[in-house]
Amino acid sequence: KNYQKSYGYRIIRHLVGNGLLTSEGDFWLRQRRLAQSAFHKERLEGFVNTMTHAAGELIISWRKMEDGKQVNLSKEMMKLTLNIVCRCLFSADVHDVIETVSREFNIANERLIRRIIKPVKPPLWVPTPGNLREQQSYTAIKQVVRQIVEKRRQSKEKYDDLLSMLMEAKDEETGEMMNNRQIEDEVVTIFLAGHETTAVALTWLFHCLDENKEVEEKAFAEAELVLNGGTPLLSDLPKLDYTRMIIDETMRLYPPAWILGREALNDDEIGGFKIPKGLNVLIPVYQIQRDEQYWERPFDFIPERFTQDKLKSYHKFLYFPFGGGPRLCIGRNFAIMEMQVIVPMILQHFSLHKPVDFKFKQDPLITMRPEPDMQVRVFKRD
């Protein structure tokens, strides 16, 4: 309770406004309670069909390609997860704006991290070429969201999704409803955070499988056994135990949210270190999850370290790719379920391999991405 979101999150408000990611205090608590109902486990069941349908469309498009064709995996996963989050949470089809959102979010991601790490930078209102391009990205993304909200307002159909909840919600004490700005801020936050982090995790996951062939074959065998060539049902997901371990191990090595920040509201002391009021405290998720003090062979990809028994033995902040405490990521269960659907579906049909000459590095933007975009060759299994 002595900490609020750090300086970096105030910069991120340029893009997402005062949504769940950046808001604080009573306002955040009200918005969180409101949005939480959209992510309850019983509601997630209805999303599985949407996820399998979107993943099926990707598989059909890949099957039409010649065997071994090279694709931009980073972009393919972005398109897929963006499609899923829009259909599941906003009942919207965004095929026509996927390219725009992907391009503009890439620019916004790069500009935001520069603004956070560079102590001297022209304020956004100064009309430098860089600032004007940055503003253009924010405006383009918000315009897409504004169109989704406006289309819903004009629709006479009844929807049972997150967007309807946000638009119909009333404050219990005042009867006040959210204004357009508040709704748009929440939609932008979930629209972007709900697809980008999962897409990045999936990209790293298929990289890890390419580097660890025995793990890939074990995951393929599990998919064949559980799904028998079909698409996953909600009841299948608990049986895809090894797939879940692969997801966890990927997010240990390559957490999309690789660093978290908090600002002390008052003087504090932790572990003998004095933390004065106003200090920004950075929590290096990436480093902690690779720390050899706590992890055996920390740089090796070993899904078996995430068996249920071993999970219970770890301190809860040794592995925390979704954060923790009251601000644990609201979409955690949604994201895990989404990956448990997508991974075995793709593995049943394809094996993905990076080109021999492809070189990349980790790029610590707002999320930890590969740079350049991950390229893979798509090989059909039959």
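Modeller: Two strands pair if DSSP finds at least two bridges between them. Helices (H or I, at least four residues) and strands (E, at least two) are DSSP runs, numbered from the N terminus. The model is predicted: local features need pLDDT of at least 70, side-chain atom pairs count only at pLDDT 80 or more, and totals for chains, interfaces and linings use all residues. Numbering starts from 1 along each chain as its sequence is written, and side-chain values use heavy atoms, leaving out hydrogens and water.

Biologist: How many bridges join β2 to β10?

Modeller: Strand β2 covers residues 69–72, and strand β10 covers residues 375–380. The two run antiparallel. The bridges joining β2 to β10 number four.

Biologist: Which residue of β10 is the bridge partner of Val71?

Modeller: Val71 lies within residues 69–72, the span of β2. Its bridge partner in β10 is Val376.

Biologist: And Phe350, which residue of β10 does it stand opposite?

Modeller: Strand β7, residues 350–353, pairs with β10 over four bridges. The sense of that pairing is antiparallel. Opposite Phe350, in β10, stands Lys380.

Biologist: Let us turn to helix α1. Which of its residues are buried?

Modeller: Buried means under 20% relative accessible area (exposed is over 50%, partly exposed in between; 1.4 Å probe, protein chains only). Helix α1 spans residues 7–16. Its buried residues are Gly8, Tyr9, Ile11, Ile12, Leu15 and Val16.

Biologist: How wide an arc around the axis do they cover?

Modeller: An α-helix has 3.6 residues a turn, so residues three or four places apart point the same way. The arc is taken over the directions from the helix axis to the C-beta atoms. The buried residues sit on the same side of α1, because their arc is only 155°.

Biologist: What covers these buried residues, to name some of the elements?

Modeller: Both helices and strands take part. Among the helices are α6 (98–117), α7 (129–154) and α9. The strands include β1 and β3.

Biologist: What is the phi of Gly17, the residue that follows α1?

Modeller: Gly17 comes after the helix, and its phi is positive. The value is near 65°.

Biologist: Now α9. Is Asp185 buried or exposed?

Modeller: Asp185 lies in helix α9, residues 180–211. Its relative accessible area is 9%, so Asp185 is buried.

Biologist: Which residues is Asp185 in contact with, leaving aside neighbours within four places in sequence?

Modeller: Contact means heavy atoms within 4.5 Å. One partner, Val16, is a buried residue of α1, and another, Gly17, follows that helix. With Asp185's neighbours within four places left aside, the residues in contact are Val16, Gly17, Asn18 and Gly19.
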